[in-house]
Amino acid sequence: MSNINELYNQVLKDHRSFPRNKGLVDDSSYKTLKAKNPSCGDSITVQIKIENGIIKDIRHEGTGCAICCSSASVMSEVLKNKTIEEANSIIHDFYELIKGNLPKDEDRLEDAIVYVNIHNFPPRAKCATLAWRGIDTILNTSKEGEENYE
């Protein structure tokens with residue numbers, strides 16, 4: 001168990017200090033959604049560019065705790081260059097992981113696997129899933145704008 005905790009700390013610190021794909025772009029080919037959790041104050045805007053059914057780019061920008069911001073960075077790497085179908089499946093596996101259920105293929109989650117013990121801290125599950133829920137909303141409803149997730 002200490003190995004996963006060490007990996008968690010390492011990944012969280014790395015993605016919090018050096019976030020990947022951070023910063024929004026002014027490009028109408030991107031779909032944008034601001035995901036907010038009013039109960040804790042986390043607020044992440046996510047952008048996604050899809051071409052021919054493949055996620056070509058994911059961007060994020062926002063404020064929140066280390067878990068929220070690092071998870072957004074991890075998500076942007078894990079889902080990039082995936083088909084919409086693959087992304088939906090990975091998002092589902094991540095949600096299950098957050099609930100404490102290990103996916104059949106842990107490798108698909110890449111660095112997101114480090115959030116495996118978040119289910120032990122239920123209020124933090126919302127932090128870890130906020131950016132993922134924003135992308136999920138865009139992918140499955142085409143909704144843009146702003147969405148509150150409590």
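**Entry 1: the loop after H1**

I began with Asn21, which I found in the loop between helix H1 (2-17) and strand S1 (30-37). I note at the outset that I am reading a predicted model. The phi of Asn21 is near 60°, a positive value in a residue other than glycine. I then looked up its accessibility, and because the relative value is 17%, where buried means under 20%, I entered Asn21 as buried.

**Entry 2: the loop between H2 and H3**

I turned next to Asn81, which lies in the loop between H2 and H3. Asn81 is not a glycine either, yet I read a positive phi of about 70° for it. Is Asn81 buried or exposed? Its relative accessibility is 52%, and since exposed means over 50%, I wrote Asn81 down as exposed.

**Entry 3: H2 against H3**

From that loop I went to the helices on either side of it. Two packed helices are described by the angle between their axes and the distance between the axes, so I looked up both values. Helix H2 covers residues 66-79 and helix H3 covers residues 84-98, and I find them packed at an angle of about 145° with their axes 11 Å apart. I recorded the crossing of H2 and H3 as right-handed. Which residues meet there? On the H2 side I listed Ser71, Val78 and Leu79, and on the H3 side Ala87, Ile90, Ile91 and Phe94. Sorted by class, the residues of this contact are six nonpolar and one polar, with no charged residue.

**Entry 4: H2 against H4**

I then followed H2 to helix H4 (residues 122-141), where the axes come within 8 Å and cross at roughly 40°. The crossing in which H2 passes H4 is right-handed. From H2 I listed Ile67, Cys68, Ser71, Ala72, Met75, Val78 and Leu79, which meet Arg124, Cys127, Ala128, Leu130, Ala131, Trp132 and Ile135 in H4. By class I noted twelve nonpolar residues, one polar and one charged in the contact of H2 with H4. Going back over my lists, I see Ser71, Val78 and Leu79 entered for the contact with H3, and these residues of H2 are entered for the contact with H4 as well.

**Entry 5: Glu146 in the last strand**

I moved on to Glu146, which is found in strand S4 (residues 145-148). Its relative accessibility is 43%, and because partly exposed lies between the limits of 20% and 50%, I put Glu146 in that class. What does Glu146 contact once its neighbours within four places in sequence are left aside? I found Lys34 and Lys36. Glu146 and Lys34 are 112 residues apart along the chain, and I noted a separation of 4.5 Å between their C-alpha atoms.

**Entry 6: the chain as a whole**

Last, I stepped back to the whole protein chain, which has four helices and four strands and follows the pattern α-β-β-β-α-α-α-β along the sequence. Its radius of gyration is 14 Å, close to the 15 Å that the globule rule gives for 150 residues, so I noted the chain as being as compact as a globular protein of that length. The C-alpha trace spans about 45 × 30 × 25 Å along its principal axes. Buried residues make up 45% of the 150 residues, and the chain exposes about 7,500 Å², of which carbon and sulfur atoms supply 46%. Among contacts between residues at least 6 apart in sequence, I recorded that 63% join residues at least 24 apart.

Note on methods:
Residues are numbered from 1 along each chain as its sequence is written. This is a predicted model: local features need pLDDT of at least 70, side-chain atom pairs count only at pLDDT 80 or more; totals for chains, interfaces and linings use all residues. Side-chain values use heavy atoms; hydrogens and water are left out. Axes are lines fitted to C-alpha atoms, for helices over the stretch in contact, and angles run from 0 to 180 degrees between N-to-C directions. Helices (H or I, at least four residues) and strands (E, at least two) are DSSP runs, numbered from the N terminus. A crossing is left-handed if the near helix is turned anticlockwise from the far one by less than a right angle, and right-handed if clockwise. Contact means heavy atoms within 4.5 Å. Ala, Val, Leu, Ile, Met, Phe, Trp, Tyr, Cys and Pro count as nonpolar, Asp, Glu, Lys and Arg as charged, and the others, Gly among them, as polar. The radius of gyration is taken over C-alpha atoms; the globule rule is 2.2 Å times the number of residues to the power 0.38. Buried means under 20% relative accessible area, exposed over 50%, partly exposed in between (1.4 Å probe, protein chains only). Accessible areas come from the Shrake-Rupley method with a 1.4 Å probe; for residues, only the protein chains shown count as cover.
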